[in-house]
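Let's take a walk through one sheet, strand by strand. Have the sequence and the model side by side as you read.

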Amino acid sequence: YSFQLNAAYLNSNNTRSASINSAGITFSTSVDVVINSAPYGGSMRVIPKQGKSLIDLFSMTTFSWLDDIADFPLRFIFYSMADSTTTNVLKTISEVSFASAYLGQGLKEAG
């Protein structure tokens, strides 16, 4: 990714000052950011596969993730989603790759 910042001076009338060049740019800078690829090949196990909301304790674990050695240790966050816009954090981000939680009722249309 490449990010660039261009800044121009506006006078008290919110117009460009006459002393600025024709493009109106008084300052420009950029930075390139290299993003690595995501970990891959991992799995997640949840026990039990079915249960009663707020009664049964669900245990979750994830394992066998592969990534560049420089990216280790990996960190994990567990959350549930009742719908596409609502998340509930079950375990905050850390190197711990397992969590247990009582889950709320899911959406009927999601099964």
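**A walk across the sheet**

Start with Arg45, which sits opposite Thr61 in β4. Keep in mind that you're looking at a predicted model. A little further on, Ile47 faces Ser59, again in β4. These pairs belong to a longer run of contacts: β3 and β4 (residues 57-63) are joined by 5 bridges and run antiparallel.

Now zoom out. The open sheet has 3 strands, in the order β3-β4-β7, with antiparallel pairing. Why do β3 and β7 each have one side without a neighbour in the sheet? β3 (43-47) and β7 (98-102) are at the edges with a single partner strand each, so one side of each is left free of a neighbour there. From one strand to the next, the twist averages 20 degrees.

On to the other pairing. β4 and β7 are also linked in the antiparallel sense, over 5 bridges. For a landmark, find Phe58, which stands opposite Ala101 in β7. What holds such neighbours together is general: strands of a sheet pair through backbone hydrogen bonds.

Finally, look at where the side chains go. In a regular strand they alternate between the two faces of the sheet. β4 shows this alternation nicely: Phe58, Met60 and Thr62 point to one face and are buried. Leu57, Ser59, Thr61 and Phe63 point to the other face, and these are not buried. So which group does Phe58, the partner of Ala101, fall in? Phe58 is on the buried side, whereas Thr61, opposite Arg45, is on the face that isn't buried.

Definitions and conventions: Residues are numbered from 1 along each chain as its sequence is written. This is a predicted model: local features need pLDDT of at least 70, side-chain atom pairs count only at pLDDT 80 or more; totals for chains, interfaces and linings use all residues. Side-chain values use heavy atoms; hydrogens and water are left out. Two strands pair if DSSP finds at least two bridges between them. Helices (H or I, at least four residues) and strands (E, at least two) are DSSP runs, numbered from the N terminus. Axes are lines fitted to C-alpha atoms, for helices over the stretch in contact, and angles run from 0 to 180 degrees between N-to-C directions. Buried means under 20% relative accessible area, exposed over 50%, partly exposed in between (1.4 Å probe, protein chains only).
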